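Open your viewer and get your selection tool ready. We will take a short walk from one side chain to a strand and its partners.

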Amino acid sequence: MGKVLLVCRLAVKDIRHRPAQALLLLLVIAAGATTLTLGLALQGTTSDPYARTRAATNGPDVVATVLPNGSNAPGPATSARPGGPNGPGAADAGELVPLEHASGVAAHSGPFPVTWTLLRAGHTTGSAEVEGRSTASSSVDRPKLMQGTWVRTGGVVFEAAFANALGLHVGDRLSLGGSSFEVTGTAVTAAIPDYPDVCSPLGCFLANGLGSYNPGLVWATDADAGHIAHAATSTPLAYFLNLKLNDPGEANAFVGRYNASASPTAPFLFSWPSIRDGDAQVIAKARLVLITGSWLLALLALASVVVLVGGRMAEQTRRVGLLKAVGGTPRLVAVVLLFEHVLVALCAAGVGLAAGWLTAPLLDQPGAGLIGAPSPPSLTGSTAGLVVALALAVAIVATFGPAIRAARQSTVAALEDAARAPRRRASVVRLSAHLPAPLLIGARLAVRRPRRLLLSAFSVAVTASGLVAVLILHARAGAFLGSRVAQATTIISVALVILAAVNAVFIAWATALDARHSAALARALGATPAQITTGLSVAQLFPALAGALLGIAAGIGITGGTTIPPPPWLAVIVVVTPLAVAVLTAIPARIGARRPVAEVLQAEAA
């Protein structure tokens with residue numbers, strides 16, 4: 001018990017003696033813990049709002065769709081094909097009639113005509129899924145008005161999330177298929193997923209150049225929907241039928257039996273659980289981005305902790321010698337050095353869990369397309385255990401090696417704390433001998449610690465791979481990305497950049513600390529502080545450039561390699577990354593270069 005108390009007191013005292021370093025270490029690990037908590041806590045949070053919306057609108061148990069030319073396979077979009085019985089490619093609503101009287105069906109509404117068309121509102125151009133409705137309420141799927149009034153001739157109602165995304169309000173005017181309409185209201189429904197996932201899972205028929213836009217749902221009168229469908233920018237009519245079953249719990253079985261035996265041109269059926277899952281796609285995508293990003297942040301945190309621990313060990317060499325001189329065993333010394341970082345990691349895990357729990361409600365809101373608030377984010381024991389395990393793994397893996405090496409160092413060598421002799425390579429000396437002083441210093445510092453050089457390149461590569469993956473995600477999804485996923489990618493991007501910047505400062509600080517003796521000698525022989533600072537910055541340029549190039553390749557590989565970001569953005573990453581690392585490196589280098597030469601040399605000789 002006495003040894004445990006001693007270890008705790010020594011660890012806490014060292015943390016209090018260096019609060020800035022401990023705080024940076026905590027923030028670095030907490031960043032990864034927070035994003036992992038966010039990703040794990042968002043599972044299933046949209047179920048309650050969908051259930052409330054379904055109850056308020058008498059939502060269907062099954063939705064049957066027949067798209068133009070029988071292109072009824074499920075999916076986010078289909079291609080246009082000419083021909084058809086009711087005009088160029090129009091669907092046949094009669095194919096849905098037998099389903100109205102199928103066994104197990106209690107009620108139905110529709111079939112409702114549906115067309116996809118070009119939308120223009122002010123300076124905004126997009127697409128809309130226009131569904132024709134009667135001015136009277138339907139028995140199944142009665143969209144609940146959130147604002148305004150129901151459809152009328154010349155007046156349309158927007159799905160609330162779509163209206164919110166476009167910034168439209170009741171009374172605004174817009175163009176659908178080239179015809180002018182007034183927004184008379186906004187409403188919610190449980191029959192079709194809300195924006196931006198209208199096409200999931202029911203599918204959309206995005207022809208006539210509409211494939212580059214992500215459609216949202218708009219209700220119009222039957223006559224107006226038919227008129228819009230004849231526009232040059234619109235698709236032929238499709239039809240949707242809403243079914244209410246005697247037993248809603250049998251929806252999946254009902255759909256499975258029908259779809260399994262249906263021909264490719266027959267209507268395709270969807271159950272209400274699949275529509276609920278479509279509404280949850282936004283959160284599911286954001287969750288995937290956050291979980292993937294959390295592992296990238298964990299790798300960056302590992303690199304940060306390795307550098308920070310290495311620098312702290314260099315500062316604590318004499319303290320290790322004193323502990324061993326007063327009777328501390330190598331095991332005790334290693335446990336003390338390890339425990340103080342484990343203690344910080346536990347605090348970081350607690351901060352990450354709390355921050356993720358508090359931030360999750362900002363990302364899991366159902367938006368305007370569903371009714372009510374989501375269920376509280378699920379912070380279970382397994383979630384907490386995984387976050388704590390991640391934080392501890394980062395701290396232990398980064399600290400274990402340096403702690404063992406420090407504990408094994410002899411007492412006399414630790415008390416002397418002499419400057420570490422640089423590794424001199426004849427080839428490097430020969431090649432760098434005729435370089436200007438800043439480049440000479442930078443080249444020799446770069447090869448002095450090859451493992452630190454690799455760590456710097458690794459840190460930049462992880463950051464670049466994450467940023468490239470985000471760029472590819474935006475390029476691939478385009479308008480279909482959704483604001484919630486965009487928020488998640490922004491969180492990851494900002495966190496990656498911040499941690500990479502902290503890493504660059506840590507590596508520069510450790511390099512400056514390690515080179516303090518040789519830098520003082522160089523200044524004594526005539527080098528200026530500016531030349532020392534430039535040399536330290538140059539030492540980080542080459543690994544930063546290599547890391548940026550490797551990160552671009554890794555980011556393309558992570559996303560499957562089928563999409564490449566715009567070349568100008570890749571050029572920005574290659575050019576800006578080394579420059580940013582050089583600027584960040586100059587901060588601790590400049591601070592270290594201000595220390596008087598005599599003070600450094602006297603400290604080394606003491």
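What follows is a tour of a few selections, one after another. Keep in mind that this model is predicted.

**First stop: an arginine in a helix**

Select residues 47-56, which form helix H3, and pick out Arg54 within that helix. Is Arg54 buried or exposed? Its relative accessibility is 13%, and because buried means under 20%, Arg54 counts as buried.

Now show the side chain of Arg54 and add Pro60: the side chain reaches the backbone oxygen of Pro60 at 2.8 Å. Next, bring up the other residues that Arg54 touches, leaving aside those up to four places away in sequence. Besides Pro60, these are Gly59, Asp61, Ala190, Lys244, Pro248 and Trp272.

**Second stop: the strand that holds Lys244**

Keep Lys244 on screen and extend the selection to residues 238-245, strand E9. Why can E9 be called largely enclosed by the rest of the structure? The reason is that 8 of its 8 residues are buried.

In a regular strand, side chains alternate between the two faces of the sheet. Colour the two sides of E9 separately: Ala238, Phe240, Asn242 and Lys244 lie on one, with Tyr239, Leu241, Leu243 and Leu245 on the other, and both faces are covered.

**Third stop: the partners of E9**

Add strand E1, residues 62-66, which pairs with E9 in the antiparallel sense over 5 bridges. Then add strand E2, residues 105-121, also antiparallel to E9, over 7 bridges.

To finish, centre on Tyr239 in E9: Val66 has Tyr239 as its bridge partner, and Pro113 stands opposite Tyr239.

Note on methods: Residues are numbered from 1 along each chain as its sequence is written. This is a predicted model: local features need pLDDT of at least 70, side-chain atom pairs count only at pLDDT 80 or more; totals for chains, interfaces and linings use all residues. Side-chain values use heavy atoms; hydrogens and water are left out. Helices (H or I, at least four residues) and strands (E, at least two) are DSSP runs, numbered from the N terminus. Buried means under 20% relative accessible area, exposed over 50%, partly exposed in between (1.4 Å probe, protein chains only). A polar contact is a pair of N or O atoms within 3.5 Å; within protein, one must be able to donate a hydrogen and the other to accept it, and residues adjacent in sequence count only if both atoms are side-chain atoms. Contact means heavy atoms within 4.5 Å. Two strands pair if DSSP finds at least two bridges between them.
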